[in-house]
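Let's get to know a small part of the protein world together, one question at a time. Have a look at the model first, and then we can talk it through.

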Amino acid sequence: MAVNSDRDEIFRAIADPTRREIIHHVARSQGPLTINDLSGQFNMSRQAVTKHVNVLDEAGLIRSEWEGRQRLCSADLAGL
């Protein structure tokens, strides 16, 4: 049952085109990106980007960690 739940979480995360674009940007970057880096790529608020990143983080597609006051995001596409 847990496998289906994990799979459902991944499909829910990638169903949104904005989240797919976020994955694309993070996966193509040379290193981790901050939320500010990502929000500069989209016509939306930093808070909206953070919500999308949270969904991707919960699905295991993006790994985020705090470094000082910045949240760094890197791709973790093994689940795909």
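**Reading the fold step by step**

Q: Which pattern does the protein follow, read along the sequence?
A: The model is a predicted one, so keep that in mind as you read. Read along the sequence, the elements of the protein follow the pattern α-α-β-α-α-β-β.

Q: How many helices and strands does the secondary structure come to?
A: Try counting them on the model before you read on. The total for this protein is four helices and three strands.

Q: How compact is the protein for its length, going by its radius of gyration?
A: The globule rule gives 12 Å for 80 residues. The radius of gyration of the protein is 12 Å, close to that value, so the protein is as compact as a globular protein of that length.

Q: What does the C-alpha trace span along its principal axes?
A: Turn the model so that you can view each principal axis. Along these axes, the C-alpha trace spans about 35 × 25 × 20 Å.

Q: What is the order of the strands in the sheet?
A: The sheet is open, has three strands and shows antiparallel pairing. Its edge strands are S1 (33-34) and S2, each of which pairs on one side only. The order is S1-S3-S2.

Q: Over how many bridges do S2 and S3 pair?
A: Strand S2 covers residues 62-67 and strand S3 covers residues 70-75. Within this pair, Arg 63 stands opposite Ser 74 in S3, and Trp 66 stands opposite Arg 71 in S3. The two strands run in the antiparallel sense, and the number of bridges is six.

Q: Which residue in the hairpin of S2 and S3 takes a positive phi?
A: Look at the link between the two strands, where the hairpin has two residues. The phi in question is near 70°, and it belongs to Gly 68.

Q: In S3, which residue is the bridge partner of Thr 34?
A: S1 and S3 pair in the antiparallel sense over two bridges. Leu 33 stands opposite Cys 73 in S3. For Thr 34, the bridge partner in S3 is Leu 72.

Q: Does Arg 28 count as buried or exposed?
A: Arg 28 lies in helix H2. A residue counts as exposed when its relative accessible area is over 50%. Arg 28 has 64% relative accessibility, so Arg 28 counts as exposed.

Q: What does Ser 29 count as, at 22% relative accessibility?
A: Ser 29 lies in the loop between helix H2 (17-28) and S1. Buried means under 20% relative accessible area and exposed means over 50%, with one class in between. At 22%, Ser 29 falls in that class, so Ser 29 counts as partly exposed.

Q: How far apart in space are Ser 29 and Gly 79, C-alpha to C-alpha?
A: In sequence, Ser 29 and Gly 79 are 50 residues apart. In space, their C-alpha to C-alpha distance is 19 Å.

Q: Of the contacts between residues at least 6 apart in sequence, what share joins residues at least 24 apart?
A: Here we set aside contacts between residues that are less than 6 apart in sequence. Among the contacts that remain, the share joining residues at least 24 apart is 47%.

How values were computed. Residues numbered from 1 in each chain as written. Predicted model: local features only at pLDDT ≥ 70, side-chain atom pairs only at ≥ 80, totals over all residues. Heavy atoms only, no water. Pairing = 2+ DSSP bridges. Rg over C-alpha atoms; globule rule 2.2 N^0.38 Å. Contact = heavy atoms within 4.5 Å. Buried < 20%, exposed > 50% of the residue type's maximum accessible area, 1.4 Å probe, protein only.
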